[in-house]
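Q: Could we go through a structure feature by feature, taking the general idea before each particular case?

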Amino acid sequence: MSVTREGGWYPLMLSADLETGTVAGSAVPGRDLAVWRDGQGRAHVWDDRCPHRGMRLSLGFVREGALACLYHGWRFGAEGRCVHIPAHPDLAPPGTIRTVPLPVAERHGLVWASVGAAGVQPEGDPAMEAAAWLPVRSVRIEAPWRDVARAVGMPEGRRAAVLDRDVDGRVLAALLPVGAGACMLHLLAAAPAGVERLHDLADWGRDVRSRAEERAGRACLAGIVA
Ligand code: FES
């Protein structure tokens with residue numbers, strides 16, 4: 001994975017894909033992340049690395065408002081501090097055993113995390129604020145995110161925008177770069193939207209993926225034979 005880091009708010013996943021009491025893996029360039037939702041419905045984003053021995057926290061599980069590591073079961077509370085060590089149940093873990101939570105926001109049906117210097121809220125514009133957004137799907141695309149952004153008509157410098165599509169109506173597209181040559185495309189439809197329209201947009205997402213990966217494959221081949 002590239003170690004290049006760009007600051008800002010990243011759209012990690014559809015809010016609907018993060019159920020209460022579950023954890024999932026995500027990433028931004030140069031940084032793997034664990035994303036989890038506690039029993040109160042609040043989303044948390046941490047580095048995907050246990051402070052004990054480095055196990056991926058995204059493989060863990062949520063118990064009693066804390067994220068438990070799969071390896072030795074250490075539990076970390078919402079603030080990132082270790083709150084329980086099963087091998088020493090009577091020990092109050094020192095406050096130094098902790099992970100540092102990233103700033104998180106849920107807006108427009110997406111879980112966002114702030115990396116590096118960023119404003120207090122994720123990017124938005126009047127078009128995004130003007131509608132309620134229904135989750136369609138997320139697709140992983142093996143192509144550079146900037147190429148995908150150009151292909152779907154994303155305004156320069158943006159990671160999320162409302163796209164006007166003649167056939168399907170308004171769609172909110174958000175792009176998460178997960179490495180030098182891959183990204184996640186999250187799609188949401190402006191409410192109200194019937195099942196047929198949601199299916200059409202899902203098909204469009206798959207079509208975007210096919211064309212982007214075909215282009216990326218051709219570019220890679222051209223580089224090899226040049
Ligand atoms: S590596 Fe996570 S508890 Fe040991």
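**Domains, strands and backbone**

A: The chain of this predicted model is divided into domain 1, residues 9-104, and domain 2, residues 123-225. The contact between the two takes 12 residues from domain 1 and 12 residues from domain 2, while the C-alpha centres of the two domains lie 29 Å apart.

Q: How much area do domain 1 and domain 2 bury between them, and what share of it is on carbon and sulfur atoms?

A: Domain 1 and domain 2 bury about 930 Å² between them, and 69% of that area is on carbon and sulfur atoms. On the side of domain 1, Tyr 10, Pro 11 and Leu 14 supply 54% of the area buried against domain 2, which is more than any other three residues supply.

Q: How many salt bridges and how many residue pairs in polar contact does the rule find across this interface?

A: The rule finds 0 salt bridges across the interface of domain 1 and domain 2, whereas it finds 4 residue pairs in polar contact there, with both residues of each pair at pLDDT 80 or more. The elements that give two or more residues to the side of domain 1 that touches domain 2 are strand S1 (8-14) and strand S2 (23-28), and S1 gives the most, with 6 residues. Sorted by class, that side of domain 1 has 10 nonpolar, 1 polar and 1 charged residues.

Q: Which salt bridge could serve as an example of side chains meeting elsewhere in the structure?

A: In general, side chains of opposite charge can pair when their charged atoms come close. A search of the whole structure finds 12 salt bridges, and in one of them the side chains of Arg 31 and Asp 47 meet at 2.6 Å, N to O. Arg 31 lies in strand S3 (residues 31-37) and Asp 47 in strand S4 (residues 43-47), so this pair ties together parts that are 16 residues apart in sequence.

Q: How should the pairing of S2 and S3 be read, parallel or antiparallel?

A: As a general idea, strands of a sheet pair through backbone hydrogen bonds, either parallel or antiparallel. Here S2 and S3 run antiparallel and are joined by 6 bridges, with Ala 27 standing opposite Asp 32 in S3. The hairpin of S2 and S3 has 2 residues between the strands, and in this hairpin Gly 30 takes a positive phi near 85 degrees.

Q: In what order do the 4 strands of the open sheet lie?

A: The 4 strands of the open sheet follow the order S5-S6-S7-S8, and their pairing is antiparallel. Strand S5 (61-63) and strand S8 (82-84) are the edge strands, each of which pairs on one side only. Within this order, strand S6 (residues 66-68) is joined to strand S7 (residues 75-76) by 2 bridges, the two strands running antiparallel, and Leu 67 stands opposite Phe 76 in S7.

Q: Which residue other than glycine has a positive phi, and which peptide bond is cis?

A: The background is that most residues other than glycine have a negative phi, and most peptide bonds are trans. Glu 64, a residue other than glycine, has a positive phi near 50 degrees, and Glu 64 lies in the loop between S5 and S6. The peptide bond from Ala 191 to Pro 192 is cis, with omega near -5 degrees, and Pro 192 is found in the loop between strand S14 (182-190) and helix H3 (195-225).

How values were computed:
Residues numbered from 1 in each chain as written. Predicted model: local features only at pLDDT ≥ 70, side-chain atom pairs only at ≥ 80, totals over all residues. Heavy atoms only, no water. Domains from an automatic or database assignment. Contact = heavy atoms within 4.5 Å. Buried area = accessible area lost by both parts, 1.4 Å probe. Salt bridge = Lys/Arg side-chain N within 4 Å of Asp/Glu carboxyl O. Polar contact = N/O pair within 3.5 Å; in protein donor to acceptor, adjacent residues only side chain to side chain. Nonpolar A, V, L, I, M, F, W, Y, C, P; charged D, E, K, R; others polar. Pairing = 2+ DSSP bridges.
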